[in-house]
Amino acid sequence: MNKLFLTLGLLVIAGAIVFSSKAFAAAAEHPVKSEAIEMVATAYAPGAHDNGKWGDLTHMGTKVRPGVIAVDPKLIPLGSRVYIEFADGHGAYATAEDTGGAIKGNRIDIAMSTVSEAYDFGMQKAKVYILK
């Protein structure tokens with residue numbers, strides 16, 4: 001009888017651990033977001049063509065690469081993780097690691113791999129959510 005209670009107890013504990021880890025994983029996939037910030041999004045690429053004297057480096061000293069955005073740090077603090085939702089419904093996660101002379105207020109600049117990708121991106125409306 002004691003073995004039965006011990007086995008049942010272990011099963012309950014194991015189930016609680018599995019449930020907790022699944023809940024944690026689900027929360028990590030869908031972090032809490034701030035209210036949407038309406039932005040105008042443009043794009044840039046590493047190198048002097050788009051990034052002037054800074055070349056391949058961001059304001060934080062990291063490499064300009066996909067997944068990085070330039071922001072106005074008065075609106076979005078440097079180092080923030082964000083989710084960008086575009087008008088066509090698709091979205092992307094990024095980290096605010098850069099600033100720019102023209103990036104003031106409700107503007108972001110999204111890092112691309114190449115200048116042609118940045119040109120192809122053009123200018124788009126987007127909603128930006130700061131992830132918590």
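Trainee: What is the mean pLDDT of the protein, and what share of its residues reach 70 or more?

Mentor: The model is a predicted one, and confidence in it varies along the chain, since over residues 4-27 the pLDDT is below 50. Beyond near neighbours in sequence, that stretch has zero contacts in the model. For the protein as a whole, the mean pLDDT is 83, and the share of residues that reach 70 or more is 76%.

Trainee: In what pattern do the helices and strands follow one another along the sequence?

Mentor: The protein holds three helices and six strands, and of its 132 residues 32% are buried. Read along the sequence, these elements follow the pattern α-β-α-β-β-β-β-α-β.

Trainee: In which order do the six strands close into a barrel?

Mentor: The pairing within the barrel is mixed, as two of its pairs illustrate: strand S2 (residues 68-70) runs parallel to strand S4 (residues 91-98), whereas S3 and S4 pair in the antiparallel sense. From one strand to the next the twist averages 45 degrees. The order in which the six strands close is S1-S5-S2-S4-S3-S6.

Trainee: Which residue in S4 is the bridge partner of Val68?

Mentor: The parallel strands S2 and S4 are joined by three bridges, and Val68 falls within residues 68-70, the span of S2. Its bridge partner in S4 is Thr95.

Trainee: S3 and S4 form a hairpin, but which residue in the turn has a positive phi?

Mentor: The two strands pair over five bridges in the antiparallel sense, and one of the residues with a partner there is Val82, which stands across from Ala94 in S4. Four residues lie between S3 and S4. The residue in this turn with a positive phi, of about 100 degrees, is Gly89.

Trainee: Which residue in S6 does Tyr83 stand opposite?

Mentor: S3 is also joined to strand S6 (residues 124-130), with five bridges between the two strands, which run antiparallel. Within S6, the residue opposite Tyr83 is Tyr129.

Trainee: Why does the pair formed by the rings of Phe86 and Phe121 count as stacked or as edge-to-face?

Mentor: The count of aromatic pairs in the model comes to two, and for Phe86 and Phe121 the ring centres are 5.8 Å apart, which is within the 6.5 Å required of a pair. Planes over 60 degrees apart count as edge-to-face. The planes of these two rings stand at 75 degrees, so the pair is edge-to-face.

Trainee: How many residues apart in sequence are the parts that this pair ties together?

Mentor: Phe86 is buried, with a relative accessible area of 7%, and Phe121 likewise counts as buried, at 14% relative accessibility. Because Phe86 lies in strand S3 (residues 81-86) and Phe121 in helix H3 (residues 115-121), the pair ties together parts whose separation in sequence is 35 residues.

Trainee: Is Tyr119 buried or exposed?

Mentor: Tyr119 has its place in helix H3, and its C-alpha atom is separated by 7.3 Å from that of Ala43, although the two residues are 76 residues apart along the chain. With a relative accessible area of 60%, over the 50% cut-off, Tyr119 is exposed.

Trainee: What part of the accessible surface of the protein belongs to carbon and sulfur atoms?

Mentor: The accessible surface of the protein comes to about 8400 Å². Of this area, the part that belongs to carbon and sulfur atoms is 64%.

Definitions and conventions: Residues are numbered from 1 along each chain as its sequence is written. This is a predicted model: local features need pLDDT of at least 70, side-chain atom pairs count only at pLDDT 80 or more; totals for chains, interfaces and linings use all residues. Side-chain values use heavy atoms; hydrogens and water are left out. pLDDT is the predictor's confidence in each residue, from 0 to 100. Contact means heavy atoms within 4.5 Å. Rings of Phe, Tyr and Trp (its six-membered ring) pair if their centres lie within 6.5 Å; planes under 30 degrees apart count as stacked, over 60 as edge-to-face and the rest as tilted. Buried means under 20% relative accessible area, exposed over 50%, partly exposed in between (1.4 Å probe, protein chains only). Two strands pair if DSSP finds at least two bridges between them. Axes are lines fitted to C-alpha atoms, for helices over the stretch in contact, and angles run from 0 to 180 degrees between N-to-C directions. Accessible areas come from the Shrake-Rupley method with a 1.4 Å probe; for residues, only the protein chains shown count as cover.
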